[in-house]
Amino acid sequence: MRLASRALCGAAGAAWRDSFPLGGRDVARWFPGHMAKGLRKMQSSLKLVDCIIEVHDARIPLSGRNPLFQETLGLKPHVLVLNKMDLADLKEQQKIIQHLEGKGLKNVVFTNCVRDENIKQVIPMVRGLVESSYRYHRGESLEYCAMVIGIPNVGKSSLINALRRQHLRKGKATRVGGEPGITRAVMSRIQVCERPLMFLLDTPGVLAPRIASVEMGLKLALCGTVLDHLVGEETLADYLLYTLNRHQLFGYVQHYGLDGACDDIASVLKRVAVRLGKTQKVKVLTGTGDVNVIQPNYAAAARDFLRTFRSGLLGPVMLDRDVLRSPPLADP
């Protein structure tokens, strides 16, 4: 898809877009509803667990969580782990916590599973919640079991591996990856701690059957919850550019050696492609026959732009800044 040029490039003081065109986009096509089977398996395993650990992306702490988790798994004690905190702008962390408390989420931990930041807070929190639960009737059993849930690619398996590193000094028990869908099925129990004896169940990522809005869908896609080509790599790169400029985050200018910030995705991708040597031969029909013309590879440039953002090289970002500007509302 070739995006229309808007010749709106210049210095950081330029008038950036105050909205993103959302019309005509089929969000349902991005998030196919094939994940009900995974949710049913989680429900059938509920009797085996004492607590639910929900992992979500710290860049979208207030949007994109699957409401079915609360509806179907809500009877168990619940910990919300906001992972990838190193990629999130958390200057307004207290306001995030206030919003979540307004939704009834009082047990929240921000983590970075790559560097094991705040990982040691998780198991004591789980243990305390389970032991204070009115459903706590353990008898002779001295072990704990929690189910790790969340939407795709938020770091569920990474959290399990980080807990094992911290408490057992052992390596990976579950496969991790940068694409959604690595964990395919509810697995057997994985030990993550000796004292107290604790096991976790890893589960596949499950998205909501219906995404509330196109913009929420774009935020989820930026965080890698679906494969980029389902949304459109250049469309997603354009939404990223729109977001970075609105938030006055111009790290992409320095990273790619651009002349200045720009609000036109076609111009940015052209310069990125040339800078990285990502070009392609295209046959052009002329009056004298076919001619091979070297053109920028916009799709390859868009993929690099998205990959660079997700790796944190463009700086931390808070994609839910618009939600933070509104007052927290309690669930009815």
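Colleague: Let's start with the helices. Are α11 and α12 roughly parallel or roughly perpendicular to each other?

Modeller: Roughly perpendicular, and that is a statement about this predicted model. In general, two packed helices are described by the angle between their axes and the distance between the axes. Here helix α11 (residues 265-276) packs against helix α12 (residues 298-310) at an angle of about 90°, and their axes are 8 Å apart. Angles of 65 to 115 degrees count as roughly perpendicular, so the label follows.

Colleague: Which residues of α11 and α12 meet?

Modeller: From α11 come I265, A266, L269, K270, V272, A273 and L276. Facing them in α12 are Y298, A301, A302, D304 and F305. By type, the residues of this contact divide into 10 nonpolar, two charged and no polar.

Colleague: Now the interior. How many residues does the largest nonpolar core have?

Modeller: The largest nonpolar core has 84 residues, and I53, L159, Y252 and F305 are those with the most contacts inside it. Helix α9 (residues 233-246) gives the largest share of this core, with seven residues. There is also a second, separate core of 13 residues, which includes L80, L90, F110 and L324.

Colleague: I'd like to look around I53. What is I53 in contact with, leaving aside its neighbours within four places in sequence?

Modeller: Among its partners are V79, V81, V122 and V126. The list also includes the run A146, M147, V148 and I149, together with L159 and L200.

Colleague: What about cysteines? How many disulfides does the structure hold?

Modeller: The general idea is that a disulfide is a covalent bond between the sulfur atoms of two cysteines. This structure holds zero disulfides. As for individual cysteines, C193 counts as buried because its relative accessibility is 3%, under the 20% cut-off. C223 is buried too, with a relative accessible area of 3%.

Colleague: On to the backbone. Where is N118 found, and what is its phi?

Modeller: N118 is found in the loop between β3 (108-110) and α5 (122-132). Its phi is near 65°, a positive value in a residue other than glycine. N118 is partly exposed, with a relative accessible area of 31%.

Colleague: And where does Q248 lie?

Modeller: Q248 lies in the loop between α9 and α10 (251-256). Q248 is not a glycine, yet its phi is positive, at about 60°. With a relative accessible area of 44%, Q248 is partly exposed.

Colleague: One last item: is the peptide bond from R195 to P196 cis or trans?

Modeller: That bond is cis, with omega near 0°. To find P196, look in the loop between β5 (190-193) and β6 (197-202).

How values were computed. Residues are numbered from 1 along each chain as its sequence is written. This is a predicted model: local features need pLDDT of at least 70, side-chain atom pairs count only at pLDDT 80 or more; totals for chains, interfaces and linings use all residues. Side-chain values use heavy atoms; hydrogens and water are left out. A disulfide is a pair of cysteine sulfur atoms within 2.5 Å. Buried means under 20% relative accessible area, exposed over 50%, partly exposed in between (1.4 Å probe, protein chains only). A nonpolar core is a set of buried Ala, Val, Leu, Ile, Met, Phe, Trp, Tyr and Cys residues joined through side-chain atoms within 4.5 Å. Helices (H or I, at least four residues) and strands (E, at least two) are DSSP runs, numbered from the N terminus. Contact means heavy atoms within 4.5 Å. Axes are lines fitted to C-alpha atoms, for helices over the stretch in contact, and angles run from 0 to 180 degrees between N-to-C directions. Angles under 35 degrees count as roughly parallel, over 145 as roughly antiparallel, 65 to 115 as roughly perpendicular and the rest as oblique. Ala, Val, Leu, Ile, Met, Phe, Trp, Tyr, Cys and Pro count as nonpolar, Asp, Glu, Lys and Arg as charged, and the others, Gly among them, as polar.
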